[in-house]
Each structure stands twice: as structure tokens, then as C-alpha cells.
Amino acid sequence: MHPRETMYESEGLASAAPAAAGSTGTGPAGAAPQAAGAAPQAPLLRPRSTKPGPPMDAATFARLSDGIVAAMNTVIDGKEEAVRLALTVLLAGGHLLLEDVPGVGKTLLAKCLARAVDCSVNRIQFTPDLLPSDITGVSVFNQSSQSFVFRPGAIFANIVIGDEINRASAKTQSALLESMAEHQVTVDGTTYLLQEPFMVVATQNPIEMEGTYPLPEAQRDRFMARISLGYPDEAAELAMLESHQSVNPLDSVEAVATAEQVGAMVRAVAAIHVSPAVRAYTVALGQATRNSPALRLGASPRALLQLLRAAKAAAALEGRGFVLPDDIRLLAEPVLAHRLLVERSAASQGATPSGVVAELLGRVAVPGPPNERSG
Amino acid sequence: MTGVLNAGGPRYDGPGPDAGNRPPSPPPRRLLGEPTKGSARWVLALAMFGAIMATSLSLNGVLASFSWWPPSAVVVAATLLPAALLRRWPVLAPFAPVGAMAGWFLGLTIVFFPATAILGFLPTPGTVEAAVELAAEAATVITTGAAPVPAVSAMSFLVAAGLGFVALVIDTVALTLAVPAASALGLVLVMLPPALTTTDGIGGWGLACSAAGFLLILGCSRWYAPGGKLRTGGSVHPSGTLSRAVALGTVVVLLMAAVPVAIPGFSKGAFPQGTRLGQGSGATQLDPMIALGVDLRAQSDSVAVTYLSSTSTAQYLRLNTLEDFTGKAWQPSALPDGLKAGVTGLAPVPAVPSTLPRTRDLTWISTIGLQSSWLPTPLSPTSIENLDGSWVWNPSTQTIKAKSSSTLGQSYVVNSEMPVLSRDLLAAATRNAGADVDPIYTQLPKDVPKILRTTAAEAAGSLQSPYAKAVALQDYLRSGLFSYSLDTPVEEGYDGSGMKVLASFLQKKSGYCVHFSAAMAVMSRELGIPSRIAVGYAPGASTDESRMRNGRQLRGFQATGLDAHAWPELYFAGVGWVPFEPTPSRGSVPDYSLELSAPAPNDGGPTAPVVEENPVQSASATPSTAAAAAGSTAGATHASQWLLVPGTTLLVLFLLGAPALARVLVRRRRLAQVRDGNGSTVVDTDIDTDTVADADAAIEAVADAAVDIAGTPSLVAWRELLATATDYGCPADRSLTPALNAARIAQLTGPAASGALDLLLHSYERAVYGRSELSAGAGLSGNGREDLAEALETLIARIQTRATPWQRLRATLVPASFFTRAPGRRGSPEMAAPK
């Protein structure tokens, strides 16, 4: 996520949207002084060590992204799509929600992504008695210096794995979600910025719902994408049994990119071109979800913004300098489906959010060149 | 902590940027769907009504008056109304054509058969019978009459039914099928009758009305029903669409007005003047002379007139006369004012001196197959009995014209009175007759070719008396120098009337009665003898019928289409109008005009049964052997059909081929644009070629050109690829991305052409979705893309070779992309989103 958002603590997304949209050229350069300007009122736990450099060139980008994908694929067999999507979310500066039954490799995917990128990783196992301070950190009194010292919580890492996020209480969930959106933590009136890149990979088990606190819609909206890993196919499962029986494959994963390189990749993604036609297509899709009779709740403006960002990342991974409607199509289901609420009557007839998104994709026209005649 | 958490980030369900635009709640479901609000369907119905009724004005020349217009307007309105009503409910909208058809039936019933219907509008079996009867009557009028036919009730019914059907077709095609461009077919249906049957064709105004109407439909459909879905909400006003349509329309109308100057249209060439669909007989064509020739060439042996006559031989029956020799086509002179209706006590002007001995004849005429507004009678009738309708006697020309009826199916008795003509009598008439008659019988236009004067002077020689001169002229024309031929004038291009035709005739010395009679009439005037041309029937063949009436024995005769004839009548002072027969092998030469040197044929004519004087020959009845021509129909060329059939075939082929031609032209232009960039010269020349095709293609071309000025080679190439795929049954899906559409097209082209396909796809994607500076750089006007053009040609060739022959034929003759707009062009996203 973009560092500039730290300046808009209470204005939130409405102003973050133009900031992100206009950041293509000037954002990275202009953001650093602003972040620095925030420092006097809130001492940074870890000030940004490096100034954001220029966006990465295409060749390096391709080499690094291919390396990350290849490293992850050696660990997770037969899940190229999920791996690619996870990387897409990382490069788009979003957060990932992995929702699936236990034992299909949700945590492994998250860990593997963290390992492939040389950056700090924290893991939080969410339980009902987990407290917000366990996540954000706590100020303790230092007897020797006669002052309060902030001890950072588990959230202070580049990649945070939140396991079984729906098992924690709503209060604890909120603490996590606030830091996800703002890339910052506020304890005792003091704001601490989080590290960049910052990504939360939360997992959720949809089967065992007893004693859980399911994420409300408003909070699910903060995850850029949701992935269901699903079971591997026969060949992948055989390969997995072969490779995982004796050694932990994670051990063999070498870091491919540094945190700084990932930051440059994120900036390169931000510079990807989005044509008016693609923007129009994104908006048309959003309007369609809001007008669809099968849906109780359509896609929010934030959802569309994140869809566009994810599409830019996907385009960059393809080595393309501009977004195609195909990118939007590809990401519409993972980005939009978990935010939509199906009308009860439609649900009783078997409608699912994914099904509705697929139906809308088959209906909404893809805009052509802007100078074509139109009625 | 809680406060801090609340401060972070916007609440999702808070007022977002688009909260105000969200519809409050889905509207309640209704049985028939949500009613379509707004004026769209009424505006569209009004546009179609206006277009059809405006186009119908071109029927002006086909029907004699405008009495058909109000009932037709009612029927068309009744057809469009139910369709517009049904479109209020989306569920019922597909049944709009059924409603239109019901409205059509009801409208026809209300206007034409209220007596047979329940409550005046519900049709009964009696209504159907009445309709069939009326249609049969209309068929008779069409087959026997020539344009303009009288606007009798039957014709009004036919026209109203036809226009109602056209309304049904246009409504269905433009709205239900969402192909407004094809509504031109309906308007062309309306324009066909005037184009095929009248001399003037549709005319500039008719064409302008039709084109304006068509553009009205097109523009309104485009704005009010884009993609066949009615626009909802009444407050929207057409933006630039209508003004663009108007501008386009003006260009097209101007171009089309210029086209007839450049190429032969309906009025010349393939369709000779006065051609009509029926092969009956008649004399009300615009050029009577031409019509006569057409009749003769038709070699129709259908009986036009039968008559019983008190004379022993068949008679010349006159319909009308031509006396005004000025102008391009000779016309009967207009009826003088102040004529009284009625056909009793008829007398010619100038009157025949009562001192002359005369013969009285009785003729009982039945006009079976003759539709004319002129009544066939022998020369100088005195009274007519049993005649239906209102007729006017013109004493100057001695013709009888209908005021409000026709000759169809009449049976009447004519009493006629002719002075007994003899050579001596005529030879004595030496006084200059010019002062006795209306000047119109002596006037000649200024442009009389010299050859007429010299020929007349040569033929007359040193003869003095008018009678001798007239006989000399007749002898000259009947001499061996001249030959009778129906076809030579047509082949040599001097058919019809007019001075130039006569000059050609005197040079070629071959023609038929029209030429002989006109030549004699004109040359007589050159020699100072008043003259006119009588048009009617030469003496026909006798039938076995005979009957007694008023104590006189009547013998039966009949005249067929082959007997149509023209002959000169000359005026002699103190005698009156005297018919002559200059046409060789036709009619019969009157005794009084036989060569002066020859002895009078005493045995030439049998004595008339009842005459007051000693044996004389009735002027209008001399024995005839030439009438035997009636039988010689076999082996004759049907000249008018010969022209009509290939003409119609060509027209039909042209109409069928127009889409294919337009498609080929569009493809060639697009390829040229891809290859050379879109220089404006390319576009201009192609508009010109396209307008030749037809109005529809022209609109398409102009519209295309307007778009393509902004189109880069990549876009044009992609559009052409989509259009070709559409032709071959794989229309692009609007909801699919270019890449997915390309994947579908790949199934048409096969794997071998994937490289070319990728090239086109990627260049299109880069142009549309890439950075604007990049795409602009790649597609600057004037920068051609040879590689794209080659890839496009490869792909088109691949698609064509892999298609089945049937698909190829369909794609060539009925290119689907020509009838539906390319899907890429419809796409503005808000339209695609569900309402």
C-alpha cells in the first residue's frame, strides 16, 4: 500500500483514491518527504531506511517475478494460479484472504511467499483469548530510564500471517484490520508506521464455524483478494507426498528478492498504464454488481480501486505496460466475490457470489476505442 | 484504543462517492415486466408513419388523384398503433408484429368494409369475401389500365393494404429485429410501382421524401431504440445523433439527385416510356404515339372492342386525335372550356354543309378489354345511346372524353352521319380551308426539318388542288419506297412522335402507322391543308354475329390490340374532315383517295344495305383485306417483354448484389486504409463509388468514413477482421475481450494463422488500451501498416478457405456485417449494463 496514506488518517479511502490514481509518476518521489513530515508528531519505530528509487526496469522486474514464482512452485505443487495471485496481491500492495478447509497448504503458501522474498515474517495464531495488544504491541515502563518504552507486537513485519483469523474476538480482529488499512499502529496516542512492503495473509476455515467470529462484510472488504486453494490434483498430490515426506521443502527456498527490490516492483506496478476504456469497463462491472437483482450488496468503490490495482500488477507480471480488459476479467472473481452478498431469494435458487460475477462478466460489454461511434 | 480504531479508514457502508447514484431499491416485479416509460415508442411510430406516408407521395403518378391518401394514412396508423402500445410492456414487446398485423386487418376493415363487419370493425367471413372481390377488381384495373389509373375504391384498397403491409414490415424490421437500416426495403417496395410504371419515375421530390423518411427512421431508431431496446425516461433529448443524421441525409440526397444525371435511371434505357404491366389495350398513356407502338409490338390478339355495324364492312373507330404538333411528345389538345356534358345532338365544328348528301350508320359497340377515358366511335357521331357515366363531346376534334368514368365494360349504340364523299366533290374543294378551322390544325412548329418540306413539295409536284396534293402525299407514302415495320424505328431509335422522328423516318423510309400518319399530317400542313392524326382502331375482322336493331341488319366485327392504328384526317373546305390511309398494308384505302389516274373501282365496295342515295361507299367503311393481320401473332417478337424481362432481372440482380458489392468495397477501402494510412483522398473516392450501389450503402460508407478518419490502421484492421468473422457466422460477442474474441476467430482460421491473428490482436490492444502517446505514435494518420494489411489478408483468406461452400456463398451474398453493426461500435458501457 502506498505510504502517502499515512497522511490521510481520518479521511480514508475517498482521498486515497485520487492519491493513488495520480501517483503514477510523482507518487514515489513525493511520498518520502511527506512521510518524513509525519515523523515529528509520531516517532517512527523504524524510519524508512531507503528513499524510494525509480521504478524497476522491465527486464529486472520479469527476472525477479519469475524467480519468486519458480521458488514458490517448487514448494507448492500444482497451484500455479494461486501462487501467481498471491504474488499479484503482494505487488499490488493488497492483503490476501485464504479461505479453505484445513490442510490444503494455506499457511505453507503464505510462509513460502514470505521466504521467497527476503523480508521479515511474523505469524499470529488467532484464538478467542488473543488481545489487541498482542498484535499491535504494548508500552511498558522501563524502570532504568523512568519512561514508557514501546514493545512492538506481531504486526511489525513485512509479511504477517494471520492464521484462522475468524477465531479471534471482534476487537482483536479490528486491531489487525486497522493496521492493514492504514499501514500504521496507534498505541497510547502515538502512531507508529509499519514496514514496507506490508502484506497480511489471513487464513480462514469455512467449515468449522463453531466458536468463531466470522469477519463482517465491512472487514472482508479490506482484503484485496480471496483465494480458495482447493485440493491438488492426483499428480500434484503424488509429487507432494514424494517431496514433503522427509525434508521440509521450505528449507530449500532461497530468498529471490530483497524487501527493497519488492518495493521497487510495487512502484513499477503503480506506473502501469490504465486506459479510459479499461477504467470504464471496471466501473461498468461495479455498476452491474450494484444493479444486479441477485445481489444484496454490490462492489464498493474501494473494491473497484483494488480490482484496478490488482489488474495493474497482473499486467506487470505479464510483462505488459498497460492493463487489458482480460486482466480485469481474470481478477474479477478473486477480488470481488468475497465482498458481494447474495440476495436470500437468489441464494435459495443456488446463486453464489462467484456465479453472479461470472454471469456479469458474460453480460457487461467490453468498451472499445473511445472514438468509435456510440449512441 | 477503540477511538483510535474508529478513526481509521472509512466505514464501508458510509456514504461513498457513488452513494447518491445507487437506485433506492429494486422496483417491485409486475406480471408484464416493468413498463417502458417515456416517449420513445411514440416518436418511433410517428417517424415510421411520416416516412411511409412521405414515400407514398411518389405514388402520385401511378394513381390519378389523391383520394387514396386519407384511407391509407388511417390504415398505416392503425397498423403502427397496436405495436407501439404493446411495446409498453417488455414481455409483450416481441408480439408487436402480431399486434401490428391485427391493427392492419382492423384498419382495412374500418375504412373499406364497415358494412360487412361486426360493430363496423370486427372482420367477418363476409369481409374477407368483399376484400377478395375488391382485390380482383383492382387486379383488373392494373392489368388493363396504364398509369395513371383512376383512384377508384379498389385501387385505394390495394394501396392502403400495401402501405399497411409496408408499415408492418418496417416496424418489425426496425424495432423487433433491431435492424433499422433494412427498413429501406419497405420504402423501396413503395417506390417500385412509380419507378416501373410511370414515365417520370419517382422524381426528385419523391426520392427526397423517401430518403428523408428513411433517415428519420434510422436516426430515431438509433437514438430512441439503440440495439432494439427502447430508451427509457422521457427527459432525454437526442444529442448529436439527429443532427448528424440530418447532415448525412442531406449529403446523400444531394448525391442521389446528382446520380440520375450521370447514369440512366428508371426513366430511360431499360424501361421504355409508357410501359405498363398489363397487356390490355388503351390509349391514355402519356405519349399516345409511343403507346400505340407498344401495343402493336405486344402483338396482343385479345379483343379490345367488338361492334355490330349497319355497314357491310368494318369501320375505323376513333378514340382521340392529335393536333398539337409543337412540343416534344405530341398530345391531344386540352379540352376547351365550356363544354356541356352529354352525348346527344352531337355536331362537329365546323359544321358539315347540310346540302351534301349523307349516309347514316348505326354502330353498337362493346368495349370488353379497353380501358380508356376516350370513347371509341366512328367518325362524326350524332348521338349515343346506352352510355353509362358522364362524358363530354368535343365538337372540334369530334371526340368524346370521360369526365368521371371509363370505357371498361361499356356497351352503347352510336348513330353517325357522314357526307357521301366522292372524288368530284373533293376535287371541287379548292378554297383555302385554313380560315375555317381552329389555328391549331394548321400550325407547325418552327423547327420543322427541311426534309419534310422538300419531300412534301416533291410529292405534290405541280398539283394545284388540295385534294390532289393530299392524294399525291398518300400515294407517295404508300409507294414501294416505304416499308412497314414495327421494329425498325425502335432499333434505329426514332420511335414516338416529334419532328426529329419524322425526319429520320423520311430518311430510313421504314416505320409503322404512327410515322406514316404523322408524316402525312405534317406534310399536309406544309402544303396548306389543315390536318390532324386520329388514333383508334383500324377496321378489324368480322365475326359471325349478326343482329337486328331498329329494323336494320347489323353485322358483327371485332378489333384487337393488333388493330390499334393511327391515320391522318385532312380538312377540305365545304366538305369537312376526311380520313386518309397512308400506311401501307394496313387499314383500307378510301375509294375517294385512290390514285386519280386509276379508274374508279365500281366493284370495290358492295352496296350498303340501307342508304338513301345511289351506291356510295361509306367513308368509314371500305372493304378491307388488310385487316387479316389480326391473325398473325405467331413468331412475333414481344418487344416490350423483351425489354422488360432483362430490365427487371438486372434490377433484381443489382438489388441482390448490392450488399455484396458494398461489402467488397468496404473491405477494399479498409485494406487500403490499413496499408496506406487513412488519407482523406481514399475516403472521398470511395464514397463516390459506394453511392452508386444504393442509399443504404452510401449511408454506411459515409458513416464509416466519418469514423475512420479517427481510426488508426490497427483499429480498422481489427474491425475488418471482426466483420469478416461476422460474415462467416461468428459474430463478435460484446461482452468478450478482444483476446477472447480472437480465440473464437482462431477457430475459424485454424492454428496455422495464429501468428497473424496475434499480430492483429496485439496491435489493436496496444492501440486501444495502451498508452495514448504510444498508440498515437503507432497510428498516426498517413502511417500505413503493411504488415497488418498482410496479416489481415492472410486471415481473411484462411477464413474463406476453411469455410464450407454454403458459408462462403452466404458470406458473399448476404454479409451479416452489412446488416448488423459491428459489435465494437455499439459499446458504450452504460448501455450494456442492465437497467
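How many helices and strands does chain A have? In this predicted model, chain A contains 15 helices and 13 strands. The chain has 375 residues, and 49% of them count as buried. Contacts that reach far along the sequence are well represented here: of the contacts in chain A between residues at least 6 apart in sequence, 78% join residues at least 24 apart.

Before turning to chain B, a word on confidence is helpful. For the complex, the predictor reports an ipTM of 0.75 and a pTM of 0.47. The average pLDDT of chain B is 72, and 71% of the residues score at least 70. Among the elements of this chain, helix H3 (residues 69–86) of chain B has the highest mean pLDDT, at 88, while helix H28 (residues 829–832) of chain B has the lowest, at 36. Two stretches of chain B deserve a cautious eye. Over residues 1–29 of chain B the pLDDT is below 50, and this stretch has 33 contacts in the model beyond near neighbours in sequence. Residues 822–835 of chain B also have a pLDDT below 50, with 47 contacts in the model beyond near neighbours in sequence. Where pLDDT is low, the predicted coordinates should not be read in detail.

Which strands make up the open sheet of chain B, and in what order? The sheet has six strands, arranged as S4-S7-S3-S1-S12-S11 (chain B), and the pairing is antiparallel. Strand S4 (381–385) and strand S11 (541–549) of chain B stand at the edges; each has a single partner strand, so one side of each is left without a neighbour in the sheet. On average, neighbouring strands of this sheet are turned by 25° against each other, direction ignored. At one edge, S4(B) pairs with strand S7 (residues 410–419) of chain B in the antiparallel sense, over four bridges. For a residue to look up in the structure, Ser383(B) has Asn415(B), in S7(B), as its bridge partner. In general, strands of a sheet pair through backbone hydrogen bonds, either parallel or antiparallel.

Strand S1 of chain B, a member of this sheet, also borders a loop. Thr313(B) is found in that loop, between strand S1 (303–309) and strand S2 (317–322) of chain B. Is Thr313(B) buried or exposed? Thr313(B) counts as buried because it has 21 C-beta neighbours inside 10 Å, where the cut-off for a buried residue is 20 or more. Thr313(B) and Gly556(B) are 243 residues apart along the chain, yet their C-alpha atoms are separated by 9.4 Å.

Note on methods: Residues are numbered from 1 along each chain as its sequence is written. Chains are lettered from A and ligands numbered from 1 in the order in which they are written. This is a predicted model: local features need pLDDT of at least 70, side-chain atom pairs count only at pLDDT 80 or more; totals for chains, interfaces and linings use all residues. Helices (H or I, at least four residues) and strands (E, at least two) are DSSP runs, numbered from the N terminus. A residue is buried if 20 or more other C-beta atoms lie within 10 Å of its own, exposed if 12 or fewer, and partly exposed in between; C-beta atoms are placed from the backbone. Two residues are in contact if their C-beta atoms, placed from the backbone, lie within 7 Å. pLDDT is the predictor's confidence in each residue, from 0 to 100. Two strands pair if DSSP finds at least two bridges between them. Axes are lines fitted to C-alpha atoms, for helices over the stretch in contact, and angles run from 0 to 180 degrees between N-to-C directions.
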